[in-house]
Amino acid sequence: MSNSQLAVVILAAGQGTRMRSSLPKVLHPLAGMPLIGHVLDTAAQLNPAHIIAVVRHDRERVAAAILEHLPSAMIVDQDEVPGTGRAVELAVLALPAEFMGHVLVLSGDVPLLDESAARELLAAHTREGNALTLLSTIVSDPSGLGRILRSETGGFVGIVEQKDATPEQLAINETNAGVYVFERDALARALTRISTNNAQQEKYLTDAASEILAEGGRIDAVAIADHWLVAGVNDRAQLSAAASELNSRIIRSWQMAGVTIQDPATTWIDKNAQLAEDVTLLPGSQILGATVVESGAIIGPDTTLISCEVGADARVRRTDAELSVIGAGAVVGPFSYLRPGTILGTNGKIGAYVETKNAQIGEGSKVPHLSYVGDATIGENTNIGAGTIVANYDGVKKHHTTVGSHVRVGSKNVLVAPVTIADGSYTGAGTVVRKDVPSGSLAVNVAPQRNLEGWVAQNRPNTETARAAEKNGD
Ligand code: UD1
Ligand code: CA
């Protein structure tokens with residue numbers, strides 16, 4: 001079938017009671033996007049004429065998330081009649097009357113179904129000229145799922161839900177995956193005939209199958225070998241199982257693409273992250289969001305990168321970074337915290353116990369130890385002394401600090417924003433920089449030191465300190 005003959009309906013109206021969550025089930029995150037995002041991506045890859053998502057529970061939030069992920073999706077509201085059958089019925093009514101194609105039904109809570117599995121299902125449907133083709137899977141524990149009923153000769157007979165099944169039917173381990181493609185008219189006719197007369201008093205989409213059979217339509221249930229592709233997420237245990245399976249698959253595909261991943265068990269990579277050949281991930285690396293890592297970079301151990309860019313050959317260890325750019329050959333960590341807007345230049349350094357935010361640190365510049373740098377621009381080949389703090393916040397407003405190139409800021413300075421330290425200048429240790437420092441100068445403002453000789457003997461007699469001084473003859 002051509003794309004113009006395909007509509008995809010995504011079911012997302014259910015409450016997801018078994019998640020026991022204030023967050024709607026289809027919005028729970030998996031590999032860096034909501035469950036429904038995975039399903040929308042698969043739908044979009046098929047290039048159908050229509051993508052319709054059916055919503056009801058927490059309607060505004062779910063609809064907003066769907067449209068944020070895929071602005072071209074059409075939102076249809078389910079009414080007070082419950083059940084997957086009713087959801088699809090309303091979606092089909094929303095299709096243009098002239099649409100005469102096929103309707104692929106996907107569940108918002110079956111996130112791992114990929115484009116190729118969906119295409120195989122569509123191809124089988126067309127090849128066989130079916131009115132309905134659905135995916136089934138054989139599982140060792142079918143509890144909770146609809147069971148596929150077959151005749152003695154193996155032909156599809158129907159689907160019975162767990163709550164309506166007889167003990168013999170409960171023993172069947174071929175289950176309904178919740179993924180179907182229907183010929184539109186056969187579906188529309190069947191849906192008018194299904195009722196809520198069942199254990200859950202819902203309109204079951206699964207009942208459409210027996211209606212189609214009754215009017216002589218052809219149906220095939222195609223068993224899918226890779227059961228993970230159709231794994232449903234109904235509770236938090238299934239959510240973590242799906243997440244870890246998807247993560248293993250993502251890790252394997254990056255390994256095949258030339259990435260060294262030392263410890264797959266403690267490494268997490270989101271679906272949209274990008275890794276170049278010869279990247280190395282050490283144990284405890286979380287490569288999240290839209291992070292991009294260039295060739296030769298070594299990440300970890302124990303590092304979280306959320307939507308960061310890491311340049312070639314950079315070294316990032318024991319670091320937490322978000323929306324930051326780390327230049328080629330730069331060194332970050334250990335114990336560094338890069339908040340959004342950090343841009344570290346080529347061969348730059350952000351060292352131990354340093355926090356940065358909205359800070360451009362130029363090529364070859366270093367913030368090596370125990371610092372906070374926020375709302376600042378630092379030029380090239382500048383060194384910021386240990387323990388230096390940029391005081392960017394006056395209690396009401398944030399202000400900007402500029403440090404030029406080839407500057408040497410002494411240890412334990414406070415740079416009180418707004419302030420500028422010009423190219424090629426120094427500040428002494430402990431300086432509180434409140435005024436601009438002109439190019440080529442040394443800024444100092446620590447009071448001259450006085451030594452009160454004999455103070456220890458007078459004021460701290462009979463202490464270890466006094467005895468140590470006495471030994472030196474003082
Ligand atoms: C459904 C199938 C079951 C199948 C299983 C596979 C039915 C009646 N049962 O059961 O045969 O084995 O999927 O995963 O279809 N939804 C709506 N509107 C509703 C109810 C649900 O849009 O009124 C949506 C949900 O948000 C969810 C999807 O439909 O995304 C499936 O609903 P769920 O309640 O999880 O169905 P299952 O009990 O898993
Ligand atoms: Ca489900």
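This section describes the ligand shell, a surface patch, the salt bridges and the unusual backbone geometry of a predicted model.

The surroundings of ligand 1 comprise 23 residues, and Gln78, Gly83, Thr84, Glu161 and Asn176 are the closest of these. By residue class, the shell around ligand 1 contains nine nonpolar, ten polar and four charged residues. Oxygen atoms of ligand 1 take part in several polar pairs with the protein, including pairs with Leu11, Asp109 and Glu161. At Leu11 the partner is a polar backbone atom, found 2.8 Å from an oxygen atom of the ligand. At Asp109 the partner is an N or O atom of the side chain, and the separation is 3.1 Å. Glu161 likewise contributes from its side chain, with a polar atom placed 2.7 Å from an oxygen atom of ligand 1. On its own, ligand 1 has 760 Å² of accessible area, and 88% of this is covered by the protein. Strand E1 (6-12), helix H3 (84-94) and strand E10 (174-183) are the elements that supply two or more residues to the shell around ligand 1. The greatest contribution to this shell comes from E10, which gives three residues.

Away from the description of the ligand, the surface carries a nonpolar patch formed by Phe335, Tyr353 and Leu370. Together, these three residues present about 340 Å² of accessible area. Tyr353, one of the members of the patch, is placed in the loop that runs between strand E27 (349-352) and strand E28 (355-361).

Across the whole structure, 22 salt bridges were found. In one of them, Arg119 pairs with Glu115, and 2.9 Å separates the closest N and O atoms. Both residues belong to helix H4 (residues 115-128); because they are four residues apart in this helix, about one helical turn separates them. Arg119 is partly exposed, at 39% relative accessibility, and Glu115 is also partly exposed, with a relative accessible area of 28%.

A further salt bridge joins the side chains of Asp302 and Arg318, with an N to O distance of 2.6 Å. Asp302 lies in the loop between strand E18 (298-299) and strand E19 (303-306), whereas Arg318 lies in the loop between strand E21 (315-316) and strand E22 (319-322); the pair therefore ties together parts that are 16 residues apart in sequence. Asp302 has a relative accessible area of 43% and is partly exposed. Arg318 is partly exposed as well, at 34%.

Glu464 and Arg467 form another salt bridge through their side chains, at 3.2 Å from N to O. These residues are both in helix H10 (residues 464-471), where a spacing of three residues corresponds to about one turn of the helix. Glu464 is exposed, with 59% relative accessibility, whereas Arg467 is partly exposed, with a relative accessible area of 40%. In addition to these pairs, salt bridges link Asp79, Arg86, Glu89 and Lys203 in a network.

The backbone includes cis peptide bonds that precede proline. One of these runs from Gly333 to Pro334, with omega near -5°. Pro334 is located in the loop between strand E24 (331-332) and strand E25 (336-338). Another cis peptide bond connects Ala417 to Pro418, and its omega is about 0°. Pro418 likewise occupies a loop, here between strand E35 (414-416) and strand E36 (419-421).

Positive phi values also occur in residues other than glycine, among them Asp278 and Asn347. For Asp278, phi is near 65°. This residue is found in the loop between strand E14 (274-275) and strand E15 (280-281), and Asp278 is exposed, with a relative accessible area of 53%. For Asn347, phi is about 60°. Asn347 is situated in the loop between strand E26 (343-344) and E27, and this residue counts as partly exposed, at 46% relative accessibility.

Terms used:
Residues numbered from 1 in each chain as written. Chains lettered and ligands numbered in written order. Predicted model: local features only at pLDDT ≥ 70, side-chain atom pairs only at ≥ 80, totals over all residues. Heavy atoms only, no water. Near = heavy atom within 4 Å. Polar contact = N/O pair within 3.5 Å; in protein donor to acceptor, adjacent residues only side chain to side chain. Areas by Shrake-Rupley, 256 points an atom, 1.4 Å probe, with all protein chains shown as cover. Nonpolar A, V, L, I, M, F, W, Y, C, P; charged D, E, K, R; others polar. Patch = residues over 30% accessible without salt bridge, like charges linked within 9 Å, V, L, I, M, F, W, Y side chains within 5 Å. Salt bridge = Lys/Arg side-chain N within 4 Å of Asp/Glu carboxyl O. Buried < 20%, exposed > 50% of the residue type's maximum accessible area, 1.4 Å probe, protein only.
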